[in-house]
Amino acid sequence: MANIQLPNQKKAQGELRKAIFKAKSAFVMAGFFSMFINILMLVPTLYMLQLYGRVVTSRSEETLIMLTAIVVVLFITLGLLEIVRSRVLIRISNKMDKALNGRVFDSLFKLAEKYPSKASATALSDLTQIRQFMTGNGLFAFFDAPWLPIYVGVLFLFHPDYGYFSLVAIVILLVITMLNEFSTKEKLKKANEYNSEAMMYVNSNLRNAEVIHAMGMKDNIRKRWQEKHFNFLNAQSKASASASIWANTSKITRMMLQSLMLGLGGYLAITDEVNSGMMIAGSIMLGRALAPLDLMVNTWKQFSGARTSYVRLNALLNDFPKEKEYMELPAPSGELILEQVVVVPPNGKEPSIRGISMVINKGDIVGVIGPSAAGKSSLARAILGLWPLHNGKVRLDKADISQWDKVALGKYIGYLPQDIELFQGTVSENIARFGEIDPKRVVEAAQKAGVHEMILRLPDGYDTKIGVGGSSLSGGQRQRIGLVRAIYNNPVLVVLDEPNSNLDELGEQGLINAISSLKANGSTVIIITHRPNILQVTNKLLVLKNGLVEMYGATNEVLAKLRGNKTPPPQQRPQPQSRPAARPTMQKVTLGKPSN
C-alpha cells in the first residue's frame, strides 16, 4: 500500500469527506428521526408510571385499554422510524460508495504501475468496511448518544438523586470506553498491517503457482506465509482479548449500575420520596441512557477497523490524486520524439534509461535490440507513459505523452508486453479490449495476425471463455491472441515486447504478416526482440546498451556496422529475407535536443 503520511492528507481527507457529506441532508434527516426515536424510547417508562399511578389506583379497565392501545401505536411508530433511519443510512453509504469506487479503482491501478510489488485490492475492501460500518449498529450509537441528556433530565425530574447517580454511571462507562480505545487501537492497527502483508504475499505467489508447484517450493512458501499469518493471528488475538475484556466489563458494569439504581429507588420508596412506579422506571431509564455508551464499547472493534480503513483510503487518494483533465487532442499520427529521457524503474535506485533523445517518424518500423538489462522494456514503458519519467519528455505528435487522456489515447495504441495477460471473458472480448464488440473488426484483426483459424479450432471459437490469466491456453496461443488485441482497430502506435518469444514458425509468419499490414496502414511499430528473424520487416534499428543508444539508423546500415564491429545481434547473425526498395539514410542521434 502507498506510504501513509498523516500530516499531509488534507486534500485526500477533503475528498473523502466531500463524498461522505454529499448526503449531508440525509444525515440531518437521520438525526431528525433519531430525535423522535429517542423520545419514543421513553414510552415503556411512561407506560409503567401510568400503570402504577392511574390504573392500579383507579382499577379502571377502560384506562388500561386506552393506555395500552396508545402504547402499541407508539411502538409501531418507533419500529417504522427505526426502519426509515436504517434505509437513510444505507442510502448514504451507497452514495459514498458510488462517489468513491471509481476513484479508488483508478488509484489502485496507479499504485500497481508505480509500485507493482504493493499492488493489492485492499482499498476496495476498506471502502466496503466503511460502508458496512455506516449501515451497522455502531453508527446508531453515535446518533443516539447526543440524546442522552434527555434521559438524564427525566431522571432529575424523578428525583435529584437519580440524576446524580446517572451522571456518575455515565462517567464510569465513558472511562471504560476510553480505556478500550487506548488498549486496542495499536493492537488492531498492527493486526490489520500483518493481515494486509500476509494477503499480499499470498496474492503475489498465486501468480506464480506453476513455478512453485514445478520446483517443489510450496512447503517453503507456505511456511513463510504462516509466519506472517501467525503474526496477524497473535496481534488480532491480543486485540480481541483486550476488546472482550472491556466489552464484558462494560456490560457487567451497566447491569450492576441498573441494579444499584433499583436499590436507590427502593431506598427512596421506603422514605416515601418516590412511588413504586418511579422505583422501577428509574432503573429502566438509566439502562436506556447507558445503552449508547455500552453499544460504543461493544462495537468499538468495528469502529476502529472502519477508522483504519478510512486512514488507508486517505493515504491512497492522497498519493494518487485525480488526474488533471486535459483538452481532447486530435487523433495522433504516430510520430514519437524522446527528449533526454531518464527512467528509474519502480522501487529501483539506478536509472535503466540514461538520457535518450531520438525521433521515430510516423510509419517507422523500429527494431530494438541489445543485451539483457539494456533498458529495452523500460524504454517501451516510457514511450507508452506507463512509468513516470525521472527526467525528460516523451512526445506523441509533439504533445507530452502525460498530457493525453489514457482512456482516449488507448484506442490508438497497441501493446503486447513480455508477460502476456489475458482476462476473464471470451476470446472476442479480450481482442476487443472489453469494449463494444465489432465482429467484423475482431475477425479482421485475427486474420491479419494469421490467428483466425487457430481461434476457430478452440471449443467455442471466438466465444471460448478464457480463465484467469488465460490459463486454459498455451503460451503460444496467449501470445497470438495478445497480438490480435494489440493490432485491433489498426492503432497508430504499436509496441511489441518480445512478440515471438513463444511462437512457432507458423506463429512467427503470422506476426510478420501482421506487422506488414500495420506498415501498409502507416502505423508506427516498435519491436523489442532477441530473435533476429523479425528484423526483416523493420526499416530502423535501435541498439541499446546500459540504458544508452549505441546505434540508431536504417536497419541495413546498423546491421552492417554490427558486422563490421564483429558484434552480431543477440542469438545469431540475422539474414534479412528482403531489402527495402530505397535505403534510408542514417538517423543522427544526439543526447541533447531530439534530432530532426
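Visitor: Why is E82 called partly exposed in this predicted model?

Guide: Happy to explain! E82 has 24% relative accessibility, and partly exposed covers what lies between the buried limit of under 20% and the exposed limit of over 50%, so E82 counts as partly exposed.

Visitor: What makes E82 and R85 a salt bridge?

Guide: Their side chains meet at 3.1 Å, N to O, and the cut-off is within 4 Å, so the pair qualifies. Both residues lie in helix α4 (residues 61-114), 3 residues apart, about one turn of the helix.

Visitor: And why is R85 called buried?

Guide: R85 has a relative accessible area of 1%, and buried means under 20%, so the label fits.

Visitor: How do you know that D97 forms a salt bridge with R131?

Guide: The closest N and O atoms are 2.6 Å apart, which is set against the cut-off of within 4 Å. D97 lies in helix α4 and R131 in helix α5 (residues 122-134), so the pair ties together parts that are 34 residues apart in sequence.

Visitor: Are D97 and R131 buried or partly exposed?

Guide: D97 is buried, because its relative accessible area is 14% and the limit is under 20%. R131 has 22% relative accessibility, so R131 counts as partly exposed.

Visitor: What makes M178 exposed?

Guide: M178 has 55% relative accessibility, and exposed means over 50%, so M178 counts as exposed. M178 is found in helix α8 (residues 160-206), and together with V171, L174, V175 and L179 makes a nonpolar surface patch of about 420 Å².

How values were computed. Residues are numbered from 1 along each chain as its sequence is written. This is a predicted model: local features need pLDDT of at least 70, side-chain atom pairs count only at pLDDT 80 or more; totals for chains, interfaces and linings use all residues. Side-chain values use heavy atoms; hydrogens and water are left out. Patches are made of residues with over 30% relative accessible area and no salt bridge: like charges are joined within 9 Å, nonpolar side chains (Val, Leu, Ile, Met, Phe, Trp, Tyr) within 5 Å. Accessible areas come from the Shrake-Rupley method with a 1.4 Å probe; for residues, only the protein chains shown count as cover. Helices (H or I, at least four residues) and strands (E, at least two) are DSSP runs, numbered from the N terminus. Buried means under 20% relative accessible area, exposed over 50%, partly exposed in between (1.4 Å probe, protein chains only).
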